[in-house]
Amino acid sequence: MLGVSLDQYGFLVQGAFWTVVLSLMGFVGGTIVGLPVALARISGGWFLCRASSLYVQFVQGIPLPVIMFVVYFGVSIYGFDVNALVAAAIAMTLYSSAYLGEIWKGCIQAVPKTQWEAGECLALTNLQRFIYIILPQALRIAVPPTVGFLVQIVKNTSYSVVIGFFDLTYSAKILNNATFKPFVIFTAAALIYFAICFPLSRYARRFELRLHRRHA
């Protein structure tokens, strides 16, 4: 098909599988690290606020490929042998945690202050107010931007090619070197990326519209 065999297209699909795996690892890791970052940002404690703010600014100020280089080659300096998947997952976790932490901080702060005051009137502790009143409302607000950022995670996994991780971009690069058909190969890769990201984008948009209707 267009000078590319079905086996070669299957090779692209294998790369797409590892793109999805890395995306999930980065998102789960970013969630585990990003939620404490978000809570630290709104904690009110000077040290926690300052430390989490510096972490976010530091990570966001470094390009993702550089983070991958530092993790992949930097860890080996201390005698640890880290494969490309682990290094890419750690880098994606650092990257996504900084952005998810900021997204969720904004979602928590978007809950009206009167909700906190209502919880206080019910004689609830700060933790009870957060768990039973603030968190459910913040979760509804957070779903659209979180899913939208997941799309960015999927696309940014392509940077893992700089450390030799076998993903969709890397498999397309190998096939291009073998077939010398860059337009066909990278168009196919683009369509696969689109097939992964488009449903997520549609879901985020649909959920956001549904949320606005409920508020209206």
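Begin with helix α6, which contributes seven residues to the lining of the largest pocket, the most that any element gives. The model on screen is a predicted one, and every stop on this tour should be read with that in mind.

Select the whole lining next: Leu35, Trp104, Cys107, Ile108, Leu135, Ala138, Leu139, Ala142, Val143, Thr146 and Val147. The pocket that these residues enclose has a volume of about 180 Å³. Colouring by element shows that α4 (84-110) and α6 (126-156) each supply at least two of the lining residues. If the lining is coloured by residue type instead, it divides into 10 nonpolar residues, one polar residue and no charged residue.

Stay with one member of that lining, Cys107. Is Cys107 buried or exposed? Its relative accessible area is 6%, and because buried means under 20%, Cys107 counts as buried. A disulfide is a covalent bond between the sulfur atoms of two cysteines. The structure holds zero disulfides, and for Cys107 the nearest cysteine sulfur, that of Cys49, is 17 Å away. Another cysteine to select is Cys197, which is also buried, with a relative accessible area of 8%.

Move along helix α4 to Ala110, which is found in that helix. Ala110 is partly exposed, its relative accessible area being 44%. Now add Arg41 to the selection: although Ala110 and Arg41 are 69 residues apart along the chain, their C-alpha atoms are separated by 14 Å.

Zoom out to see the chain as a whole. How many helices and strands does its secondary structure come to? There are eight helices and zero strands, so that, followed from the N terminus, the elements run α-α-α-α-α-α-α-α. Along its principal axes the C-alpha trace spans about 70 × 50 × 20 Å. Of the 216 residues in the chain, 38% are buried. Among contacts between residues at least 6 apart in sequence, 75% join residues at least 24 apart.

With the whole chain in view, select residues 16-42, 54-75 and 183-204, which an unreviewed UniProt entry annotates as "transmembrane region". Over residues 16-42 the chain is 96% helix and 0% strand, and the C-alpha atoms at the two ends are 38 Å apart. Residues 183-204 are 100% helix and 0% strand, with end C-alpha atoms that lie 31 Å apart.

Go next to helix α7 (residues 168-179) and pick out Asn176, which is found there. At 17% relative accessibility, Asn176 counts as buried. Which residues is Asn176 in contact with, once its neighbours within four places in sequence are left aside? They are Lys181, Pro182, Ile185 and Phe186, and displaying their side chains together with that of Asn176 brings this set of contacts into view.

The last stop is Phe180, in the loop between α7 and α8 (182-215). Phe180 is exposed, with a relative accessible area of 67%, whereas Asn176 is buried. Look at the backbone here as well as the side chain. Most residues other than glycine have a negative phi. The phi of Phe180, however, is near 55°, a positive value in a residue other than glycine.

Terms used: Residues numbered from 1 in each chain as written. Predicted model: local features only at pLDDT ≥ 70, side-chain atom pairs only at ≥ 80, totals over all residues. Heavy atoms only, no water. UniProt positions renumbered as here; feature names shortened; annotations may be inferred. Helix = DSSP H or I, 4+ residues; strand = E, 2+ residues; numbered from the N terminus. Disulfide = S-S within 2.5 Å. Buried < 20%, exposed > 50% of the residue type's maximum accessible area, 1.4 Å probe, protein only. 1 Å grid on protein atoms, 1.4 Å probe; cavity = no way out; pocket = protein on both sides within 12 Å on 5 of 7 lines; lining within 4 Å. Points joined across faces, edges and corners; volume = space filled by probe spheres on them. Nonpolar A, V, L, I, M, F, W, Y, C, P; charged D, E, K, R; others polar. Contact = heavy atoms within 4.5 Å.
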